[in-house]
Structure formats: C-alpha cells, structure tokens
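Dear colleague,

Please find below the structure that I am handing over to you, followed by an account of what was found in it. I would ask you to keep it open while you read.

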Amino acid sequence: MSGIQIIHKLREESFNKETERRLQSHPYLKAAEDGTLTLPQRQAFVREQYSIQLSDATSFAFLAGHRDFAPSSLTGITVPEQPTASSGSPQEVDDLFQFLLGGEVYASSLLLAYAKAVGLDEKALRSSDRCCKAQAYPSYWARLALSGQRAAAAAACAVNFPAWGAMCGSLLESLGGGNYNYAGVDDEGLAFIKFFATPIEELDRMAASIIDKEGVSYEDLVEPVRLLQEYEIMFWDAIFEKK
C-alpha cells in the first residue's frame with residue numbers, strides 16, 4: 001500500500017469520521033456562532049496555543065533533524081537551515097517537518113496579535129496556567145518526535161491538520177462575522193486563525209513521501225493517528241470549559 005493510499009484509508013476509518021463529527025458539532029464552535037463565546041474562552045484558546053506552538057515547533061524541528069532547537073519563545077527566532085544528509089546534500093528537498101517548523105515560527109507573531117485582541121500580552125501568556133487536557137496534544141507530538149516515528153507523525157499530520165484547519169475555518173467565520181469587535185475575517189487580530197484555516201498545499205504528497213520511505217505497515221500508523229485525533233477533541237473540550 002502506497003503512502004497516499006494509507007492516508008486516504010486512515011481518513012475513512014470510523015474513528016476519524018467520529019472525530020470529524022464531534023469537532024464539527026463542538027460546543028465551542030456553536031458558542032462562537034451564537035455569539036456567546038466568552039472572553040475567558042477566547043483567551044483560553046490563546047493561552048493554550050502559546051505553549052502548543054512552542055512545543056510543536058520543537059517537535060517538528062526534532063523530526064526534521066534539528067536536535068539543538070529548544071527556544072524559550074518563538075518570538076524573533078529564525079528557522080534553522082535544513083539539515084544535510086551524510087552525503088552532504090539536503091536530506092529532503094521539501095521535508096514535511098522542516099516546512100511545518102517554518103509555519104509555526106511564522107504564525108507565532110500572528111498568535112500574539114490575536115492575544116492582544118483579547119487583552120493578553122506575551123508576559124501574560126508565559127505566566128498562564130496550562131490545562132493538562134489541552135496540553136495532551138503537544139505532549140503526544142513530543143512523544144512521536146523523541147521516538148523518531150516520522151512515518152506515524154507524517155500520517156498524523158495528513159489526517160489531523162485538515163480537521164484542525166476546518167475548526168479554524170469555522171471559528172474564523174463566526175468571530176469575523178459576529179459581535180466580537182473584529183472588522184471581518186481579514187482583521188489582523190484573526191490572522192492566526194485564518195493562517196491555519198488555509199489548507200496546506202502538497203500536504204498529502206509530503207506526508208506520503210515520508211511514509212513510503214519509512215516502510216511501515218498500515219497497522220503501525222492507526223493508533224498514533226487515532227490518539228492524536230482524540231487529543232484534538234480534548235483541546236477544544238478544555239478551552240470550552242474555561243467559561
């Protein structure tokens with residue numbers, strides 16, 4: 001089974017269909033649509049995402065071959081150059097995890113703009129208490145990275161990121177079109193959400209390339225993908241509970 005076939009099959013698994021159903025009907029989105037999403041709930045999104053971004057960037061860096069990438073903040077940092085293989089050439093022309101690392105670093109300033117819109121600065125974000133339910137998601141990414149499971153991580157990206165993107169897309173429409181003091185979906189304060197609502201071009205191809213090279217079986221990938229999808233739901237549950 002090719003990498004592309006594996007990705008398509010994973011997306012058709014019953015656990016993923018159930019994840020998509022639960023996310024699309026999530027009360028956080030419903031509250032945003034109804035105009036009842038509270039300021040603490042919107043702040044919770046930013047507080048948790050601040051730590052998630054830093055953790056995920058570190059995990060993606062590790063998966064891309066950057067063993068010494070461990071910043072205390074993504075503010076003002078640069079993306080390290082792609083590591084080289086033993087032959088002296090880049091290990092992959094468009095390695096998925098190098099690409100994702102660049103996205104996390106780019107989006108870090110966008111998150112701070114969203115934080116400002118809900119009354120938080122970076123100092124407040126750094127000192128915020130984290131919720132274990134919300135932070136299970138990045139913790140699992142760290143586990144995949146430290147264990148070197150590039151194929152499982154690539155498969156998880158291919159299945160999870162469209163689900164995360166769809167959530168951001170729905171949230172963007174509700175916040176930009178509701179009574180939340182934003183000047184539409186293009187408001188600077190919503191740029192973070194808009195960035196992640198935009199589908200990643202060539203995601204499937206980049207993920208499939210890694211899966212093909214790692215030579216793993218379909219069965220090896222099912223559980224990591226299922227777990228990450230469950231952690232995605234837990235994130236949204238956690239921030240909705242911050243009423």
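**The largest pocket**

By class, the residues that line the largest pocket are 16 nonpolar, seven polar and three charged. Please note that the model is a predicted one. The volume of this pocket is about 540 Å³. Its lining comprises 26 residues, and those closest to the centre of the pocket are F161, W164, F195, F196 and I200. Several helices take part: at least two lining residues come from each of α4, α5, α8, α9 (191-197) and α11 (218-240).

**The largest cavity and S73**

How many cavities of 30 Å³ or more are there? The count comes to one. The largest cavity has a volume of about 70 Å³. Rolling a probe the size of a water molecule over the atoms shows where empty space is left. The residues that line the largest cavity are Y50, Q53, L54, S73, L74, T75, S108, L111, L112 and E122. Sorted by class, this lining has five nonpolar, four polar and one charged residues. Helices α4 and α5 each supply at least two residues of the lining.

One of the lining residues, S73, deserves a closer look. S73 is located in the loop that lies between α4 (39-64) and α5 (96-117). Is S73 buried or exposed? S73 counts as buried because its relative accessible area is 9%, and the cut-off for buried is under 20%.

If residues up to four places away in sequence are not counted, S73 touches Y50, L54, E122 and R126. Take L54 as an example: L54 and S73 are 19 residues apart in sequence, and their C-alpha atoms are 6.6 Å apart in space. The side chain of S73 also makes a polar contact with the side chain of E122, at 2.9 Å. In addition, a polar atom of the S73 side chain lies 3.0 Å from the backbone nitrogen of T75.

**The nonpolar core**

The largest nonpolar core has 86 residues, and the members that touch the most other members are F45, L96, F97, W141, L171, I193 and W236. Helix α8 (residues 150-177) gives the most to this core, namely 17 residues. What does L171 touch, not counting residues up to four places away in sequence? The residues in question are Y28, L29, A32, L37, F45, I193 and W236.

**Two further residues**

H26 lies in the loop between α2 and α3 (27-34). H26 counts as buried because its relative accessibility is 3%. Leaving aside neighbours within four places in sequence, H26 is in contact with M167, I233, W236, D237 and F240.

S14 offers a contrast to H26 in accessibility: S14 has a relative accessibility of 59% and therefore counts as exposed, whereas H26 counts as buried. S14 lies in helix α2 (residues 14-24). The C-alpha atom of S14 is separated by 28 Å from that of I193, and the two residues are 179 residues apart along the chain.

When you look through the model, I suggest that you begin with S73, which is both buried and part of the lining of the largest cavity.

Yours sincerely

Conventions: Residues are numbered from 1 along each chain as its sequence is written. This is a predicted model: local features need pLDDT of at least 70, side-chain atom pairs count only at pLDDT 80 or more; totals for chains, interfaces and linings use all residues. Side-chain values use heavy atoms; hydrogens and water are left out. Helices (H or I, at least four residues) and strands (E, at least two) are DSSP runs, numbered from the N terminus. Buried means under 20% relative accessible area, exposed over 50%, partly exposed in between (1.4 Å probe, protein chains only). Contact means heavy atoms within 4.5 Å. A polar contact is a pair of N or O atoms within 3.5 Å; within protein, one must be able to donate a hydrogen and the other to accept it, and residues adjacent in sequence count only if both atoms are side-chain atoms. A nonpolar core is a set of buried Ala, Val, Leu, Ile, Met, Phe, Trp, Tyr and Cys residues joined through side-chain atoms within 4.5 Å. On a 1 Å grid over the protein atoms alone, a cavity is a set of points where a 1.4 Å probe fits but cannot get out, and a pocket is an open set with protein on both sides within 12 Å along at least five of seven lines; lining residues have an atom within 4 Å of a point. Grid points are joined across faces, edges and corners, and a volume is the space filled by probe spheres set on the points. Ala, Val, Leu, Ile, Met, Phe, Trp, Tyr, Cys and Pro count as nonpolar, Asp, Glu, Lys and Arg as charged, and the others, Gly among them, as polar.
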